[in-house]
Amino acid sequence: MSDASEKRPYVLKILGTWSAFLIVAVLLSLRLGSVPPLGHFLSPHTGYLQNSISVSQKKNPEQMTVQGLKGTVTVRTDVRGVPHVTAENDDDLAFGQGYATARDRLWQMELQTAATAGRVSEILGERALQFDVMQRRMGFLAAAQKELEFIKTSDPDQYQVLESYSAGVNAFINSLSPRSMPVEYKLLGAEPELWTPLKCALFHKQMAWTLTGNLNDFKMSNALQKFSPEDVESLFPDFYSKGLPILEPAVAQVTAGQDTLIEPQSSLFRMNGVLRHIDGKPKSEQTQKKPASNGSNNWVVDGVHMKHGYPVLANDPHLDLKLPSIWYEIQLTSPSVNVYGVSLPGLPHVIIGFNESVSWGITNAGTDVLDWYAMKFDKTKPAPQYFHGQQWKPSTIRKEIIQIKGQPAQTIDVIETHLGPVAKEMTLEQKSGGEAAVLFAMKWTGHEPSNEFRVFHNLNRAHSVLELKNALQNYKVPGQNFVLADKTGSIGYVQAGLFPARSSGFGRYLLDGTNPDHDWRGYIRFNQLPQSWSPERGFLASANQQPTRDPHYGYASGDWGFTSYLRGSRINHQLSELTGGQQTTVQALMGLQNDVVDLRAKLIIPLFIRWTAPRLKNPQDQKILDKLAGWNFELQPDSQEAAVWSKWWDNVYDSIWEKAFPKPDFLKPSEDRTTELLLSENSGDWPAVLSVPKKDEIPALVAAGFEKALHTLRAFAKRNELGSELPAWSRLRGTRIPHLANLGGFGIEALPTGGSDLTVNATTDHHGPSWRMVVTWVDAQPKAWGIYPGGQSGQVGSPHYSNMIKKWLKGELDELHFVRQGNLNSQLTLSQTILESKK
Amino acid sequence: MKDLILEFLWILLAVLTLLLIPWWQAVLCAAMTAPLMLRLTVWGFKRRLVLMFLIFSIFLLILHAARPEIAKAVSGLLKIPHYSLLAFLSAGTFALLTALAGETALWVRFSFRRAKMNWKNKSSI
C-alpha cells in the first residue's frame, strides 16, 4: 500500500508531462479548420518569417541552370522591382517572362486560373463547390481548351511561346522548397501545380468574362414583364440627348455596312412570370462578382498639339483593386522586340505599353457580346432535346469532374446547345408545367476560339500606327477601345473585337431559343468597326462610353455595359480646352488623370438647391446648401461638400426607382437617364409608370433626401468622433485594396482617396485606376511614366508588395526605366539572375 | 553553477536548432539532449519554461523586427494588434513545447533509473 502511494505522484507527473507534450505537438501539426498547422507556420525555419524578401542591391548575379532554354536569359530587376528580361530569341524571352512573373506572382497566377477553371474546391474543399459548378457550367474550361487547340493548329509558333512561358513558370516552381513557398501556400497547406499553356488560355477567358460577362438580360426581361415595351425603351434608352460618343460624326471615318445587321422580326420576347437569377435564390450571386463600374480612360494627342512636338498617349484602366495588383510591369528585349509596359500575370507579352516606335492603351468597349436564350427542353429523354426551328434537336452532354479537397470527386453534366452551354440552372418562379422545361443557354463571344496572344505579340513588335492597326485586325475578346500613337506623330483609335452584327436593341432582353431568327448571324467586319486615324482636331479619347451615335452601329447598344457618358464628356472637354488653338504639355495631360470634377453635380446641384431651399425644416441647414452653391464640384478627399452631394444623390436616386425596380431582380434606369429626366423642362417626359413618384412630387422628395443625407452624415461623424459636423469625402468613402483571397492583414484599408466612378480619376471604394501610364517621345526616344496601386512583388513580406500605393494616392507617376538592349544602369539594378540552359 | 550553465546551453541549443531545422526535428533534438544536460530536480519545469520563453522571445523579437513586412501582415491576419505579440506567441508556443519535450525526456530517464534501482533492490533480496 505504501509502495503504491509513493509511486503515484511521479507516475502521475510522467503521464501528465507526456500527455501535455503529445497534445501540444499534435495540435501544432494539425490543420484546424482554416488555421494552418501552427508548428510549421510559426517555425522560424520554415514558417512565415522565411517569406521576408530582401530588396537590397546585390553585387553578384545569381546564376541558374534550367531546362527548356535554347540560349541564355538575363533578368535584371530595377530598383522599382521591375524585371528587364533579355533573351537571344522569342521563345527564351517568353521563358524569362514566365520565370520572372512566377517569381513575384506565383500564388496569384495559380488562384486566378483555378477560379476560372472551377477548381477552387481542390484547394478550399466543399465550401467552394457551388462556385466551381457555376464556373464549369459557364464553360470557361471547355472554351480555354478549344482556344488552345485552335492556337496549336493555326499558329504553332505562338503555341511554342505559351509552352516556353509555361516552362519558365515551372523552372521557378521547381526551384521552390517548402521554406521558400509563398506564404499563401503555407497558410492553405497547398503546393503549386505545374503551369501549362491551358492556364494561359484560362486566364484569357477570365479577363474576357470580367470585362464582358453580365446577367442584365434577365433583369431587363423582368422589366418587360412589369412595364410596357414603350416605357422600358423610354427608361432605358440606347442614346442620351447630351451624351458624347467616343467618335463624333466629324471624327468617324468609316460607316458600318448595313448588310451585316440582323433585323429580327421581334426581339421583345416575353417570358411568363418574374425571373430570378439563380435557382430562385436571387441574393446568392454564385458566379464571380463583376464590379459595376469596370471602365477605363485613354486618350492620345498628336504631336502638332504638343509643345515638344511628339504625340502623348495616356491610359488608366479601372478595375477591381487587389493586392497583388492585376498588372505586372516588365520590359522584354530580344532581337525582334524591345517593349515595356504592363503584363497580366499568367499571359505572355505586354498588354498595355510602348516600344521605341509606338505606344498603345486600352479601355473596355462595354458592347454587349453576351446573350441569354430561353431554351425549351424535353428532359424526359436520356440526352435532353431542345426545340428550335419547329423541331427537337439533340443536345450534347459534357461530363465535368470536380475534385474536392478531402472528399470524393463529383461529376456534373453540362448541357451544350448550338448556341452555347446551358450555363445556369435558372428557373421561372411560375412553373412551366408539362414535360417541357425552360433552361437558359448563353451565347458569348468568349466561347469562340481566338488568338489574342498573336495580336499582342504583333503589337509589341509594331513600328507604326499602321502596323498596330494591322495587328488588331485579328483581335476578338474582350472588345476594347485601342488608342494608338507612333513617334512620327500619327495617332489612331479603333474599337477592336468580335461584335455580333445586329440591329439596335437586339439582345437587350432574353432571346427566344426556339426561334432561329434570334440566332446570331455573324460578326462586324474589322473595317466596319468604329475607328479614326489622325483626326484634324488632334486628339482621340475613350472612357467606356458608346463608340458612336451612328444608328447603323446597332450593336453599339444593348446591355448598358457602357458607363456614364459624363466621364468621357469631361475628358473631351478638357482635351479641347488644352489643345484648342494652343499646344499643351505632358504635365497637363498627366494632371488630367487626377481630375475629380463631378459633372453630374455641376448639372444637378443648382436644381436641387432650388427645390430644397424653400422646404428646409431646419434653418441651420441653409448654410450647408450655401456651401454647396459655392462648391467647385471637385470630389477632393477633404471635401465635405462631396460627401453631402454623394449621399444626397444616392438618396434621391434610390427613392425615385427603388419601389419600381427592386433589387436584385431589376436594373434601375441609369443615373444618366435619371439626370436627363430631372433636368427636363417638359413634364411630359417624366415616366408615368407604376410605383415611380410623379414629377410634381420630386422637389419634396429631393428636399427629404437632403435632410436624410445630413442626418446620416452627422450620425457618421458622431459615431466616428470626427470632431466636425460632417465627414470629409475620403473619410466617408475611402478606398480599400484587399488581398486577392481576402486575407485580413494582407490588404490595405481606408486609403484617403477622392474622385468617384464619374470623375476622370475614377476611384471608388475598392475599384479605380489599376495602372496609370503616360508615354511620349523626346528626341525620338521613348519617355514614359507609370504607377499602379500595389507593388511588383506578390509576396506580402516584400517591401515591393505595396510600395507604389503612396505615390498612386497622391496622383504622382514614376518615371519608367526603359532601357535599350537590356543594358540597365548598374545604379538602377537591384539584382540580376542569369538563366542558362542545362546541357 | 555547472547545472546553471548546462541549463542555459540547452536552451541556446534549442533556439539554434529551431532556427536551423524544421520545428519537429528541433523538438526531437531538445528531447534527446535534455537527459545529457539537465537534471530533473535542480531547476524544475516552471522556471525552465519561463527562462526559455524569455530567451525565445528575445530571439524572435529580433527576427520579427528585422522582417517587419511579413510580421505586420501575419499579425493583421491573426488580428494581433502588434507584431511583437506575434513574436511572444511564437516564443510561448515553442518554449512550451520544447520545455515539455525536455521534461518528458527527464521523466523517462528518471523512470528507467527508478526501475533499475527497484530491480537491483529486488535482486539483492
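## Notebook: cores, contact and chain make-up

I began with the largest nonpolar core, which has 179 residues. The residues with the most contacts inside this core are Trp299(A), Val300(A), Met375(A) and Leu484(A). Next I asked which element gives the most to this core. My note reads helix α3 of chain A, residues 90-117, with 12 residues. A reminder to myself: this is a predicted model.

I then picked Leu484(A) from that list and looked up its partners, setting aside the neighbours within four places in sequence. Leu484(A) is in contact with Val300(A), another of the residues with the most contacts inside the core. The other partners are Val358(A), Trp360(A), Val465(A), Leu468(A), Ile491(A) and Gly492(A).

I also found a second, separate core, this one of 48 residues. Among its members I wrote down Ala31(B), Ile70(B), Ala71(B) and Ala87(B).

**The contact between the chains**

How many residues does each chain bring to the contact? I have 30 residues from chain A and 28 residues from chain B. On the side of chain A that touches chain B, the elements giving two or more residues are α1 (2-29) and α2 (38-42) of chain A. Of these, α1(A) gives the most, with nine residues. I sorted this side of chain A by class too, and came out with 17 nonpolar, 12 polar and one charged residues.

**Chain A as a whole**

My tally for chain A is 22 helices and 28 strands. Chain A has 839 residues, and 51% of them count as buried. I then turned to the contacts in chain A between residues at least 6 apart in sequence, where 73% join residues at least 24 apart.

**Chain B as a whole**

What does chain B have in the way of helices and strands? I noted five helices and zero strands, so to speak a short entry: the pattern along the sequence is α-α-α-α-α. Buried residues make up 38% of the 125 residues in chain B. For contacts in chain B with a separation of 6 or more, residues 24 or more positions apart account for 73%.

Last, I checked the dimensions of chain B. The radius of gyration is 18 Å, whereas a compact globule of 125 residues would have a value near 14 Å. I put the spans beside that: along its principal axes, the C-alpha trace of chain B covers about 70 × 30 × 25 Å.

Conventions: Residues numbered from 1 in each chain as written. Chains lettered and ligands numbered in written order. Predicted model: local features only at pLDDT ≥ 70, side-chain atom pairs only at ≥ 80, totals over all residues. Core = buried A, V, L, I, M, F, W, Y, C linked by C-beta atoms within 7 Å. Buried ≥ 20, exposed ≤ 12 C-beta atoms within 10 Å, placed from the backbone. Helix = DSSP H or I, 4+ residues; strand = E, 2+ residues; numbered from the N terminus. Contact = placed C-beta atoms within 7 Å. Nonpolar A, V, L, I, M, F, W, Y, C, P; charged D, E, K, R; others polar. Rg over C-alpha atoms; globule rule 2.2 N^0.38 Å.
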